[in-house]
Amino acid sequence: MTKPIIRIDKVSKKFCRSMRRSLYYGLLDMGSELIGRERNYLNLRKDEFWAVKDISFEVQPGETVGLIGHNGAGKTSLLRMLGGLILPDTGKININGRVQALIALGAGFNPVLTGRENIYINASLMGFSKKEINKRFDEIVSFSGLSEFLDMPVQSYSSGMVVRLGFSVAAFLEPDVLLIDEVLSVGDLAFRTKCQVRIQELKNKGVSIIIVSHNLHTISHLCPRSIALEKGKVIYDGDTESAIDIYRLSLLKTYEQYNDFIRGGTGEITIQELEILNENEEKQTIFDVGDKVKIRLYYHTNTLVKNPVFNVVIHILNSHQVTGIRTDVDGIPTGDFEGDGYVDIEFQKFNLLPNAYTFDAVIFHSDGYTFYDRKNNANHLVVRGGNEINGIAYLDHSWKIN
Amino acid sequence: MRKVRVVKKQAMEYTIISGSEKSTPKLFKLLSSILRDLFLSRELAWRLFIRDISAQYRQSLLGVFWAFFPPIITSVIFILLQSRNIISTSTINLPYPAYVLIGTTLWQIFADSVNAPLKATINAKPYIVKIFFPREALIFSAFLSVMFNVVIRMIIIIGVLIFYKIQIQWGILLAPFGIFVLVLLGIVIGILITPIGMLYSDVSTSLPIVLQLLFFATPVVYTLPEKFPFSLISIINPVSPILIATRNLITVGYIDNLLHVTIVLILTIVVFFFSLLLYRISLPILIEKLGT
């Protein structure tokens with residue numbers, strides 16, 4: 001195997017929650033750096049926490065790696081350390097090549113100056129000489145599609161145009177390592193496609209790329225390998241499909257705490273639990289597309305309840321509703337309830353595409369409006385697999401080719 | 001001590017070494033890497049300087065007028081005060097307006113130099129937190145901006161020399177060196193306050209007040225008190241000897257405080273290296289604290 005282009009060895013970084021204290025620590029740190037005293041790297045001071053903790057991995061030349069994790073998992077801090085902006089508190093980072101970060105699009109742009117002048121300023125800040133910029137100037141301009149606005153001051157550009165110019169400059173200066181942080185979603189659809197194509201070109205040229213994105217579709221499209229982070233630690237490093245599954249599970253875990261956020265109702269009948277079962281009636285969280293899924297709702301009644309309406313709503317995690325299933329809509333009479341028991345919903349084929357799904361459960365009065373009880377995020381499941389197909393559902397279908 | 005080692009083959013090829021491993025601080029190595037970066041960043045510094053100047057003048061109607069205006073207005077005030085005998089100037093052997101105009105121009109150059117590093121770093125905040133580039137370029141471009149104003153302000157001094165028919169001597173050829181030392185002294189002080197100034201706004205708020213006080217502790221518009229204990233002010237104040245010497249070089253062509261000038265010069269150079277070290281060490285910490 002060739003020599004890795006990036007080697008990250010037990011890197012940790014701490015941050016401070018309180019602004020006032022953070023500034024004060026900054027002052028102390030500068031002081032102790034200056035007199036060469038050993039700083040207290042390993043221990044946390046008051047209000048400090050590990051934003052990145054003991055992270056190690058290597059990236060080979062030409063590899064494209066995705067970094068996934070929820071907000072505050074340490075992705076951006078890690079990227080900033082790789083970019084040389086901040087220093088790790090412990091550990092080592094070795095990079096054998098020229099690094100460029102696609103984090104700050106249009107950094108150093110002066111609004112009063114023209115697009116042409118700003119291209120030179122921006123590229124110089126990225127460490128390129130006048131000669132190198134001259135060589136690529138035309139490419140940059142034609143990629144941005146802004147040639148007719150080139151001699152206008154940047155302040156008269158629309159915000160989309162500024163970002164386009166910034167991206168074009170960054171994308172045409174070829175580094176050995178490219179760091180990308182959530183910038184693939186700039187501009188209109190046509191420009192986004194152009195950006196993706198450009199990234200693919202850089203990949204083919206052997207540039208190593210690290211991508212941070214919340215768009216898992218982008219990640220699974222561009223990166224064969226991904227690293228999932230949780231609370232500053234690596235929880236998975238390997239193929240992107242599994243990394244995404246694990247990330248989704250970790251998302252669900254943090255989501256569970258909101259379980260009882262909205263609870264309430266008249267209370268004659270209450271939801272005890274919502275179980276998710278596989279075809280063998282065993283509890284299961286991870287499924288494949290098209291598996292048989294059974295949802296079992298346990299109830300408890302305090303008194304005789306007549307014709308309640310059972311309702312289960314499926315959401316994509318943190319996102320929109322997929323569907324809602326109701327006994328009254330389906331025309332199922334429920335009858336009288338007393339004591340404890342359960343209701344089953346069976347999906348012969350759970351044809352939702354890989355993602356994390358949460359379930360809300362509600363029991364309505366027979367009017368279908370007032371509710372006895374509701375439980376948001378009563379349970380969840382993950383459909384395993386990468387996101388080769390961007391979308392929600394797999395529709396059963398067949399091909400006929402003539 | 002942890003350090004960033006910048007291994008340069010191309011402009012941004014680097015390795016970061018860090019952490020708690022106990023390597024002895026190789027001060028000299030770090031310093032030489034800083035000086036090399038300062039040199040390598042000259043093209044970037046030039047571009048940043050051109051950017052700042054063109055943006056400044058493109059958005060200004062009166063342009064270079066603003067370089068002349070502050071020293072002239074200060075001079076006018078003191079010339080008026082002096083004409084009412086509020087200021088005693090018996091020991092000055094120059095026309096008072098000439099003395100004041102040259103003095104305030106030199107002072108303004110110094111004050112600009114003190115302000116420049118903090119101003120440049122604060123203005124660069126939006127992108128220093130996002131792009132890695134040799135940070136020394138900011139100091140370099142701040143220096144270029146100050147020198148640009150120096151060149152413009154030379155017009156005031158030349159105008160004064162012609163208007164008051166002051167006999168110039170060969171010694172005036174050393175005056176640019178005096179001005180350079182004045183700028184260097186100002187910039188060194190400016191760099192020293194930058195790290196704290198980036199963390200706390202108190203610094204930039206109090207800077208004009210401190211400079212105003214220093215103005216009156218420096219023989220800009222009057223001569224130095226020679227009686228103890230007030231004479232101490234001029235001994236402690238590092239600006240005085242350089243400003244006096246430069247003014248003397250311009251007007252009479254010689255200096256009579258060589259020892260004092262030499263001491264300040266040596267101190268300035270030593271502290272200059274120290275300030276660069278401070279700047280290099282503190283910026284990553286500042287960026288971390290300032291966030292994105």
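This report walks through a predicted model, looking at two domains in chain A, one helix of chain A, and the fold of chain B.

## Two domains in chain A

Let's start with how chain A is divided. The domain assignment splits chain A into domain 1, covering 61-253, and domain 2, covering 261-383. Five residues from domain 1 of chain A and 13 residues from domain 2 of chain A take part in the contact. Measuring from centre to centre is another way to picture the pair: the C-alpha centres of domain 1 of chain A and domain 2 of chain A are 43 Å apart.

What is the contact made of? Between domain 1 of chain A and domain 2 of chain A, about 660 Å² is buried, and carbon and sulfur atoms give 76% of that area. On the side of domain 1 of chain A, the trio A:Arg248, A:Leu249 and A:Leu252 supplies 77% of the area buried against domain 2 of chain A, more than any other three residues. The side of domain 1 of chain A that touches domain 2 of chain A has three nonpolar and two charged residues, with no polar ones. The two domains of chain A have zero salt bridges between them, but two residue pairs are in polar contact.

## An enclosed helix in chain A

Now for helix α3 of chain A, which runs over residues 115-125. Why is this helix described as largely enclosed by the rest of the structure? Nine of its eleven residues are buried, so the rest of the structure largely encloses it. Among the buried residues of α3(A) are A:Gly115, A:Ile119, A:Tyr120 and A:Leu125.

The surroundings of this helix come from two chains. From chain A, α4 (130-144) and α5 (159-172) pack against the buried residues of α3(A), and from chain B, α2 (42-58) and α5 (125-128) do so too. After α3(A) comes A:Gly127, which has a positive phi, near 95°.

## Chain B and one buried threonine

Chain B has eleven helices and two strands. Along the sequence, the two strands come before the helices, in the pattern β-β-α-α-α-α-α-α-α-α-α-α-α. Of the 292 residues in chain B, 53% are buried. Taking contacts in chain B between residues at least 6 apart in sequence, 78% join residues at least 24 apart.

For a close-up, find B:Thr121 in helix α4 (residues 96-123) of chain B. Is B:Thr121 buried or exposed? B:Thr121 counts as buried because its relative accessibility is 1%. Beyond its neighbours within four places in sequence, B:Thr121 is in contact with B:Ile128, B:Thr194, B:Met198, B:Tyr279 and B:Leu283.

Definitions and conventions:
Residues numbered from 1 in each chain as written. Chains lettered and ligands numbered in written order. Predicted model: local features only at pLDDT ≥ 70, side-chain atom pairs only at ≥ 80, totals over all residues. Heavy atoms only, no water. Domains from an automatic or database assignment. Contact = heavy atoms within 4.5 Å. Buried area = accessible area lost by both parts, 1.4 Å probe. Salt bridge = Lys/Arg side-chain N within 4 Å of Asp/Glu carboxyl O. Polar contact = N/O pair within 3.5 Å; in protein donor to acceptor, adjacent residues only side chain to side chain. Nonpolar A, V, L, I, M, F, W, Y, C, P; charged D, E, K, R; others polar. Helix = DSSP H or I, 4+ residues; strand = E, 2+ residues; numbered from the N terminus. Buried < 20%, exposed > 50% of the residue type's maximum accessible area, 1.4 Å probe, protein only.
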